[in-house]
Amino acid sequence: MILLHIVIKARPSYSLVDKSPANELDTEVLLHSMRMKPVHVESVYNQSLTRRQERMIDVQDLHVTDAIHVLNHELSTIRSAARASDQTLPVCICVGPDSQSFTPAKLPAAIRRYLLEEERLDYSELQPGLLRVLIC
């Protein structure tokens, strides 16, 4: 809600010759995003803990290739643990929500494609940006 208010305030500023009000609002948006990100990650993590003791892999701030590398390593480690204990282990993967700007977010789509094509894992989306897979 705060972010929407800032964006509504910013709209007329972008058409003015003096861009300083728009730049100040851009800074406000950036600061708001920086303050909200830890809150979002913590709430996603806490929700997964209340459901079950699920393993959480957070790749939302990584570049696509780095995220896939981390995911490959983590999933292979979890897969080894699941086989050793002869259990199916649930894993939550935080990829961040799809972008609501004009350019689509590459990371969530790339991770979904990686899970399906490379790892051959079906996933469910618990909420936007939070994928859940079962490792056996």
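Which residue follows H4, and is its phi positive or negative? Arg120 follows H4, and its phi is positive, near 55°. A matching detail sits after H3: Asp86, just past that helix, takes a positive phi of about 55°. The model is predicted.

## The sheet

Four strands make up an open sheet, ordered E1-E2-E4-E3, with mixed pairing. Strand E1 (55-58) and strand E3 (123-127) are the edge strands, and each pairs on one side only. On average, neighbouring strands of the sheet are turned by 30° against each other, direction ignored.

Strands E2 (residues 89-94) and E4 (residues 130-135) run antiparallel and are joined by six bridges. Cys94 stands opposite Leu130 in E4.

Helix H3 (residues 64-85) packs on this sheet. H3 touches E1, E2 and E4. The direction of H3 makes about 170° with that of E1.

## Two helices

The table sets out H3 and H4 by length and span.

| Helix | Residues | First to last C-alpha | Expected at 1.5 Å a residue |
|---|---|---|---|
| H3 | 22 residues | 31 Å | 32 Å |
| H4 | 13 residues | 17 Å | 18 Å |

The H3 span is close to the expected value. The H4 span agrees with its expected value.

H3 has a clear burial pattern. Its buried residues are Ala67, Leu71, Glu74, Leu75, Ile78, Arg79 and Ala82. Seen down the axis of H3, these buried residues fall within an arc of 145°, so they line one face of the helix. The face turned away from that buried side carries the exposed residues Thr65, His69, Arg83 and Ala84. The buried residues of H3 pack against E1, E2, helix H4 (106-118) and E4.

In H4, the buried residues are Leu107, Pro108, Ala110, Ile111, Arg112, Tyr114 and Leu115. They pack against H3, E2, E3 and E4. The buried sets of both helices include charged residues: Glu74 and Arg79 are among those in H3, and Arg112 is one of those in H4.

## The nonpolar core

The largest nonpolar core has 18 residues. Those with the most contacts inside it are Leu71, Leu75, Ile93, Ile111, Leu115 and Ile135. H3, E2, H4 and E4 are the elements that give two or more residues to this core. H3 gives the most, with five residues.

Ile111 shows how the parts meet. Residues up to four places away in sequence are not counted here. Ile111 touches Val59, Ala67, Ile68, Leu71, Ile93, Val95 and Leu131. Of these partners, Ala67 and Leu71 are among the buried residues of H3.

## Tyr114

Tyr114 lies in helix H4. Is Tyr114 buried or exposed? Its relative accessible area is 9%, so Tyr114 is buried, the cut-off being under 20%.

Neighbours within four places in sequence aside, Tyr114 is in contact with Ile68, Leu71, Asn72, Leu75 and Glu119. Leu71 and Leu75 are also among the residues with the most contacts inside the largest core. Ile68 is 46 residues from Tyr114 along the chain, yet their C-alpha atoms are separated by 7.5 Å. Leu71 is touched by Ile111 and is in contact with Tyr114.

Terms used:
Residues are numbered from 1 along each chain as its sequence is written. This is a predicted model: local features need pLDDT of at least 70, side-chain atom pairs count only at pLDDT 80 or more; totals for chains, interfaces and linings use all residues. Side-chain values use heavy atoms; hydrogens and water are left out. Two strands pair if DSSP finds at least two bridges between them. Axes are lines fitted to C-alpha atoms, for helices over the stretch in contact, and angles run from 0 to 180 degrees between N-to-C directions. Contact means heavy atoms within 4.5 Å. The expected span of a helix is 1.5 Å times one less than its number of residues. Buried means under 20% relative accessible area, exposed over 50%, partly exposed in between (1.4 Å probe, protein chains only). The arc is that of the directions from the helix axis to the C-beta atoms. A nonpolar core is a set of buried Ala, Val, Leu, Ile, Met, Phe, Trp, Tyr and Cys residues joined through side-chain atoms within 4.5 Å.
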